[in-house]
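User: Hi! I am new to protein structures and would like to learn how to read one. Could you walk me through it?

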Amino acid sequence: TGKRPGQHGVFDFFQRETPESEYYRFASSQDVHSETIWSIASEHGQKIVSLNFPLMFPPPPVNGYIVPGGWMPWRQLRLGCYPPGLFDRLKALPSFNPRELALDMTLEAKAIEGCAAEEYADWIRFHTRREERWSEILRHLMTDDDIDLVGVVFDGADKLQHLCWRFLDPELRPSEPTAWEQEIIDLCEQYFRGLDAMLADLVALGGEEATVVVVSDHGFGPSSHVFYLNAWLEQQGFLA
């Protein structure tokens, strides 16, 4: 939207059901109270592709294609695709797998809460496959139609940095890694090499005149302590 939360209306991934309610729900496209880059481009006759962006469900009508991201059950992905019939069209792609396109809350929690050592490798491989699936969808739409504006979120970079920062940061890597640590380092590097290759492929597909913008939603760095702000506010008598 190019606007601040007070203008577009979304402050979190969750919203109260009503202003007075103690119950919460996932935020949706209906909570966005502003024009978006997708709707503005569509109104000006530009054809768009929007892949894996949160708050795009239910999909708003656009001139182009939407496959939404964010927390949405995979069984609803057919309803989330726009225009109607896009889901069935994408089903013909070799790697199309709605179970791995929609975010699984149990899997995503591991990025923040951690997981058992034996789960790391499969978790990284899952996010590697997921990026490949989004890349395949985008290549298909870009080669099959004349697209003016493309946006895709490769969110595995966020997930890996949350869980695996100590394997990515050269200053934190173990000097003599165990076999398991080396496996995780190798898988992380394979993920980023693969992502770089996908980006290069998509940039080439866009052509020499395309304007390419690479954006991160936030940065990363090491942390050694956790500060629970609300607990401290409550202890000081500031939270009511």
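Analyst: Happy to help; we will go from the whole chain to a helix, a strand residue and some salt bridges. Please keep in mind that this is a predicted model.

User: What does the secondary structure of the protein chain come to?

Analyst: A good start is to count the elements. Here there are 10 helices and 5 strands. The C-alpha trace spans about 50 × 50 × 35 Å along its principal axes, and 38% of the 240 residues are buried.

User: How do I check the span of a helix such as α9?

Analyst: Compare the expected span with the distance between the end C-alpha atoms. Helix α9 covers residues 179–206, and at 1.5 Å a residue its 28 residues should span 40 Å; the end C-alpha atoms are 41 Å apart, so the two agree. Just after α9 comes Gly207, with a positive phi near 95 degrees.

User: Which residues of α9 are buried, and what covers them?

Analyst: Look for side chains with little accessible area, then for their neighbours. In α9 the buried residues include Ile184, Leu187, Tyr191 and Leu202. Among the elements covering the buried residues of α9 are α7 (120–144) and α8 (156–168).

User: Is Gln15 buried or exposed?

Analyst: Here a cut-off helps: buried means under 20% relative accessible area. Gln15 has 16%, so this residue counts as buried. Gln15 sits in strand β1 (residues 14–16), and beyond its sequence neighbours up to four places away, Gln15 touches residues including Tyr23, Tyr24 and Asp31.

User: How many salt bridges does the structure hold?

Analyst: There are 16. One of them joins the side chains of Glu100 and Arg133, with N and O 2.7 Å apart. Glu100 belongs to helix α5 (residues 98–101) and Arg133 to helix α7, so this pair ties together parts 33 residues apart in sequence. Both Glu100 and Arg133 are buried.

User: Where do Arg173 and Glu189 lie?

Analyst: First, their side chains meet in a salt bridge of 2.8 Å, N to O. Arg173 is in the loop between α8 and α9, while Glu189 is in helix α9, so the bridge links parts 16 residues apart in sequence. Arg173 is partly exposed at 27% relative accessible area, and Glu189 is partly exposed at 29%.

User: Which residues are linked in a network of salt bridges?

Analyst: Glu108, Arg130, Asp155, Asp158 and Lys159 are. Within this group, the closest N and O atoms of Asp158 and Lys159 are 3.9 Å apart. Asp158 is buried at 16% relative accessible area, and Lys159 is buried at 11%.

Key:
Residues numbered from 1 in each chain as written. Predicted model: local features only at pLDDT ≥ 70, side-chain atom pairs only at ≥ 80, totals over all residues. Heavy atoms only, no water. Helix = DSSP H or I, 4+ residues; strand = E, 2+ residues; numbered from the N terminus. Buried < 20%, exposed > 50% of the residue type's maximum accessible area, 1.4 Å probe, protein only. Contact = heavy atoms within 4.5 Å. Expected span 1.5 Å × (residues − 1). Salt bridge = Lys/Arg side-chain N within 4 Å of Asp/Glu carboxyl O.
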